[in-house]
Amino acid sequence: MDEEILYADPLGAKAEIVTEKYLLFVSDGLLFGTKAEYVVEIITNHIITPLPLVPSYIRGIINLRGQVLPIVDMRLLLGRMPAESSCIIILNIEDTLVGILVDTVQKMIDVDRKTILSAPPQHAQDMVTGMCSLGDGQTMLVFDCPQILTRS
């Protein structure tokens, strides 16, 4: 959901700030943000059942209140070493529920769209669509949720 805020500058002209909400999470020391519109819930300490013959970045499946969901390990997806992560973010991407296994979830923030820059092409393959500097000096990588569904 976008918010639109108008303010006047010292010369009297109106400037427009359009913000979007992002959920911040960390995976292998990298700070990512995913649009809040994709986030369904955050769960911890859920048992993941491994599956044979699936891509290496799929850690397995979980049964969440009777619904079976695939779990994507963010570290493996980005070509990193797996770790004992216990936080799963459930995302709704194009009416498909999928979980992403992350190290930690930080907080929800508002980000001005104009501050998001294109990501360097070599950075995190095609899973990152942009990046921006946050007020606390950190850099957020914008995680491209729909790319999870198109990976092979």
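**Exercise 1. Which residue is the bridge partner of Cys132 in β12? Place the pair among the strands around β12.**

Solution.

Step 1. The structure is a predicted model, in which local features need pLDDT of at least 70, side-chain atom pairs count only at pLDDT 80 or more, and totals for chains, interfaces and linings use all residues. Residues are numbered from 1 along each chain as its sequence is written, and side-chain values use heavy atoms, with hydrogens and water left out.

Step 2. The partner of Cys132 in β12 is Met140. Helices (H or I, at least four residues) and strands (E, at least two) are DSSP runs, numbered from the N terminus. Two strands pair if DSSP finds at least two bridges between them.

Step 3. Strand β11 (residues 128-133) runs antiparallel to β12, and 5 bridges join them. The two strands form a hairpin with 5 residues between them. In the turn, Gly137 has a positive phi of about 90 degrees.

Step 4. On another side of the bridge list, β12 pairs with strand β3 (residues 30-35) in the parallel sense, over 2 bridges. Here Gly33 stands opposite Val142 of β12.

Step 5. Val142 is also the bridge partner of Gly130 in β12. Gly130, in β11, is in turn the partner of Ser118. Strand β10 (residues 117-118) pairs with β11 in the antiparallel sense over 2 bridges.

Step 6. Strand β12 (residues 139-143) has 4 of its 5 residues buried. Buried means under 20% relative accessible area, exposed over 50%, and partly exposed in between, with a 1.4 Å probe and protein chains only.

**Exercise 2. How many helices and strands does the chain have, and in what pattern do they follow one another?**

Solution.

Step 1. The chain has 2 helices and 12 strands.

Step 2. Along the sequence the pattern is β-β-β-β-β-β-α-β-β-β-β-β-β-α.

Step 3. Of its 152 residues, 39% count as buried.

Step 4. Take the contacts in the chain with a separation of 6 or more, where contact means heavy atoms within 4.5 Å. Residues 24 or more positions apart account for 51% of these contacts.

**Exercise 3. How far from Asp112 and from Asp144 is the nearest side chain of opposite charge?**

Solution.

Step 1. Lys and Arg count as positive and Asp and Glu as negative, while His and the chain ends are not counted. A salt bridge is a side-chain nitrogen of Lys or Arg within 4 Å of a carboxyl oxygen of Asp or Glu.

Step 2. Asp112 is found in strand β9 (residues 104-112). Asp112 is buried and has no salt bridge, with the nearest side chain of opposite charge, Lys114, 6.0 Å away.

Step 3. The backbone nitrogen of Lys114, however, lies 3.0 Å from a polar atom of the Asp112 side chain. Leaving aside neighbours within four places in sequence, Asp112 is in contact with Ile17, Val18 and Thr19.

Step 4. Asp144 lies in the loop between β12 and α2 (147-150). Asp144 is buried without a salt bridge, and Lys35, the nearest side chain of opposite charge, is 8.0 Å away. With neighbours within four places in sequence left aside, Asp144 is in contact with Asp126, Met127 and Thr129.

**Exercise 4. Are Tyr57 and Leu97 buried or partly exposed?**

Solution.

Step 1. Tyr57 has its place in the loop between β4 (39-44) and β5 (58-64). Tyr57 is buried because its relative accessible area is 7%.

Step 2. Tyr57 and Asp73 are 16 residues apart along the chain, and their C-alpha atoms are separated by 5.5 Å.

Step 3. Leu97 belongs to strand β8 (residues 96-102). Its relative accessible area is 24%, so Leu97 is partly exposed.

Step 4. Leu97 and Pro70 are 27 residues apart in sequence and 8.0 Å apart in space, C-alpha to C-alpha. Not counting residues up to four places away in sequence, Leu97 touches Pro70 and also Val40, Gln67, Leu69, Ile90, Leu91 and Asn92.

**Exercise 5. How many disulfides does a search of the whole structure find?**

Solution.

Step 1. A disulfide is a pair of cysteine sulfur atoms within 2.5 Å.

Step 2. The search of the whole structure finds 0 disulfides.

Step 3. Cys87 counts as buried because its relative accessibility is 9%. Cys145 counts as buried at 1% relative accessibility.

Note on methods:
A polar contact is a pair of N or O atoms within 3.5 Å; within protein, one must be able to donate a hydrogen and the other to accept it, and residues adjacent in sequence count only if both atoms are side-chain atoms.
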